[in-house]
Amino acid sequence: MGSLELKYEMNFCQCIEKLPDLSNAICIIPSISIGNIGQLAIDIIIDKFKPLLLGRLFNSCVLPFIGPSQLSNISFTSAIDVFYLDPLDDHNVEVPVLIVQIRSAIATGFKHEFTNYMFDWLQSLNIKKTILLTGIDATEKLDTEFRSQSSVYYSETISGSFPHLDNIPSKLEMPFILPKDFEFERIDKLPNADEINHLMLIAFDPSTEEAKVANELLSDPSFLPDISYVVLRKKDKKVIACVIYSLLEVKPPESKTSFSGIALAPLAVHPEYQRQGIG
């Protein structure tokens with residue numbers, strides 16, 4: 001009986017006649033991680049900027065997928081869609097941006113192969129920089145990691161530790177639609193920050209650290225009040241949800257270099273208002 005040879009190369013199917021020059025582009029790509037945080041962030045970017053669909057990636061390491069599109073000019077989405085933001089199209093970006101959305105899971109046992117093929121494909125495009133969006137869960141950490149030095153550090157100053165993040169938006173244009181009885185408000189506009197701590201205690205198990213972390217972040221220099229919001233109940237201005245953003249620096253284990261980014265955490269919704277499109 002003959003053997004079957006499987007090939008996992010990355011195949012790119014173009015949706016436009018000619019690809020733009022991507023040699024100076026920045027690529028934003030999500031990892032397949034807990035909570036689908038990376039994919040949700042990419043969806044927000046796609047919904048906000050309506051980027052051009054360059055094409056679709058096909059790879060045997062990825063489970064097949066097809067579904068409806070969130071954009072009116074695209075008939076469907078696939079497992080891996082590739083979009084493009086052109087700085088000449090008034091997208092408020094200074095360099096070309098390649099956006100990769102991964103909507104399907106990687107086949108069991110093929111994560112390493114998929115990662116290698118994705119890196120090879122990006123290198124073939126001469127991408128200048130790649131930004132990986134991911135999410136982590138503290139329950140995944142080992143006991144040895146809890147006892148060792150943390151690999152995540154909050155910045156002491158914004159301008160000193162994060163020079164390339166100086167242009168944090170002064171106002172967040174919310175691309176979300178809330179139920180009619182609720183409204184957004186910036187966290188730093190609240191008259192009493194204790195409402196945040198109270199929400200954390202109700203939304204999470206009191207034995208967890210979320211309430212403590214939220215309280216510390218609100219007074220930490222890394223806290224980003226301009227893009228951290230609460231959801232208020234209109235009739236009495238009660239806080240029923242919040243999302244806190246902060247600057248962080250990540251140093252991978254056994255690495256001499258680190259990179260900086262923005263953390264989305266904690267995010268909390270009052271139990272009475274969960275599963276209503278607020279979170």
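These legends describe close-up views of one predicted protein model.

**View 1. The whole protein sets the scene for the close-ups.**
The model is predicted. Its secondary structure comes to six helices and 13 strands. The protein has 279 residues, and buried residues make up 35% of them. About 17400 Å² is exposed, with carbon and sulfur atoms supplying 54% of that area. Among contacts with a separation of 6 or more, 69% join residues 24 or more positions apart.

**View 2. Six strands form an open sheet.**
The strand order is S1-S3-S6-S7-S2-S8, and the pairing is mixed. Strand S1 (11-14) and strand S8 (129-133) stand at the edges. Each has a single partner strand, so one side of each is left without a neighbour in the sheet. From one strand to the next, the twist averages 25°.

**View 3. Strands S6 and S7 pair in the antiparallel sense.**
Strand S6 covers residues 80-85, and strand S7 covers residues 97-102. Six bridges connect the two. One residue pair can be picked out here: Tyr84 has Leu98, in S7, as its bridge partner. In general, strands of a sheet pair through backbone hydrogen bonds, either parallel or antiparallel.

**View 4. Helix H1 packs on the sheet.**
Helix H1 spans residues 37-49. It touches strand S2 (26-30), S6, S7 and S8. The direction of H1 makes about 130° with that of S7.

**View 5. Helix H2 lies across six strands: S1, S2, S3, S6, S7 and S8.**
Helix H2 is made of residues 111-124. Strand S3, one of the strands it lies across, takes in residues 52-58. H2 runs at about 160° to S7.

**View 6. Arg103 and Asp43 form a salt bridge.**
The structure holds four salt bridges, and this is one of them. The closest N and O atoms are 2.9 Å apart. Arg103 lies in the loop between S7 and H2, while Asp43 belongs to helix H1. The pair therefore ties together parts that are 60 residues apart in sequence. How accessible is Arg103? Its relative accessibility is 26%, so Arg103 counts as partly exposed. In general, side chains of opposite charge can pair when their charged atoms come close.

**View 7. Arg56 and Asp81 form a salt bridge between two strands.**
Here the closest N and O atoms are 2.8 Å apart. Arg56 lies in strand S3 and Asp81 in strand S6, so the pair ties together parts that are 25 residues apart in sequence. Are Arg56 and Asp81 buried or exposed? Arg56 is buried, and Asp81 is buried too.

**View 8. Arg233 and Asp236 meet in a salt bridge.**
Their side chains come to 2.4 Å, N to O. Arg233 has a relative accessible area of 15%, so it is buried. Asp236 has a relative accessible area of 38%, so it is partly exposed.

**View 9. Tyr245 sits in strand S12.**
Strand S12 runs over residues 238-250. Which residues does Tyr245 touch, leaving out those up to four places away in sequence? They are Ser222, Phe223, Leu224, Ile227, Ser228, Ile262, Ala263 and Leu264. Ser228 is 17 residues from Tyr245 in sequence. In space, the two are 5.5 Å apart, C-alpha to C-alpha.

How values were computed: Residues numbered from 1 in each chain as written. Predicted model: local features only at pLDDT ≥ 70, side-chain atom pairs only at ≥ 80, totals over all residues. Heavy atoms only, no water. Helix = DSSP H or I, 4+ residues; strand = E, 2+ residues; numbered from the N terminus. Contact = heavy atoms within 4.5 Å. Pairing = 2+ DSSP bridges. Axes fitted to C-alpha atoms, helices over the stretch in contact; angles between N-to-C directions. Buried < 20%, exposed > 50% of the residue type's maximum accessible area, 1.4 Å probe, protein only. Areas by Shrake-Rupley, 256 points an atom, 1.4 Å probe, with all protein chains shown as cover.
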